[in-house]
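Biologist: Please show me the model, so that we may discuss its sheet and its overall form.

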Amino acid sequence: MQRTMLKSKLHRVHVTHSELHYEGSCAIDETLLEAADIREYQQIDIYNVTNGERFTTYAIRAQRDSGIISVNGAAAHKANPDDILIITTYAVYNELELQKFHPQLVYVDEKNCIVNTRQEIPVQVA
């Protein structure tokens, strides 16, 4: 059996730019791409915490340590500067691979600087 699992997440990044006429769909600070193990041109899912929009696009590289999260092209209609996003990737794993599976979870501050990384989400309590 194969399962589609959360591979990586950039949690609560802040949109810095929304560029309707720029090629590419989501520019992400290169430091954040590396921390979350997201490759340039890889498919990403974006969940806009601010307005509830959910969409799929691809990642492009933004300047290292710039904090840039720029939603570009048609996707720019779905996010504005200062919106809060969760950016995720998923991958398919077989049962053997799942024995060693851990997602890459990256948490940032209001300037999109990394404050924490983890490999699991705490159990939600009542």
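Biologist: How many bridges join strand β1 to β8, and do they run parallel or antiparallel?

Modeller: In this predicted model, residues are numbered from 1 along each chain as its sequence is written, local features need pLDDT of at least 70, side-chain atom pairs count only at pLDDT 80 or more, and totals for chains, interfaces and linings use all residues. Side-chain values use heavy atoms, with hydrogens and water left out. Strands are DSSP runs of E with at least two residues, numbered from the N terminus, and two strands pair if DSSP finds at least two bridges between them. Strand β1 (residues 2-14) and β8 are joined by four bridges and run parallel.

Biologist: Which residue in β8 is the bridge partner of Leu10?

Modeller: Strand β8 spans residues 104-108, and four of its five residues are buried (under 20% relative accessible area, with a 1.4 Å probe and protein chains only). Within β8, the partner of Leu10 is Val106.

Biologist: Which residue in β9 stands opposite Val108?

Modeller: Strand β9 covers residues 114-118 and is joined to β8 by four bridges, the two running antiparallel. They form a hairpin with five residues between them, and Asn112 in the turn has a positive phi of about 65 degrees. Opposite Val108 in β9 stands Ile114.

Biologist: Which strands stand at the edges of the sheet?

Modeller: The sheet is open, has nine strands with mixed pairing, and follows the order β2-β6-β3-β5-β4-β7-β1-β8-β9. Each edge strand has a single partner strand, so one side of each is left without a neighbour in the sheet; these strands are β2 (17-19) and β9.

Biologist: Which residue in β6 stands opposite Cys26?

Modeller: Strand β3 (residues 26-29) and strand β6 (residues 69-72) run antiparallel and are joined by three bridges. Opposite Cys26 in β6 stands Val71.

Biologist: Which residues does Ile68 touch, not counting residues up to four places away in sequence?

Modeller: Ile68 lies in the loop between β5 (54-62) and β6. With contact defined as heavy atoms within 4.5 Å, the residues that Ile68 touches are Thr16, His17, Ala27, Ile28, Asp29 and Ala62.

Biologist: What is the radius of gyration of the protein chain?

Modeller: The radius is taken over C-alpha atoms, and the globule rule is 2.2 Å times the number of residues to the power 0.38. For 126 residues, a compact globule would come near 14 Å, and the protein chain agrees with this, having 15 Å.

Methods. Buried < 20%, exposed > 50% of the residue type's maximum accessible area, 1.4 Å probe, protein only.
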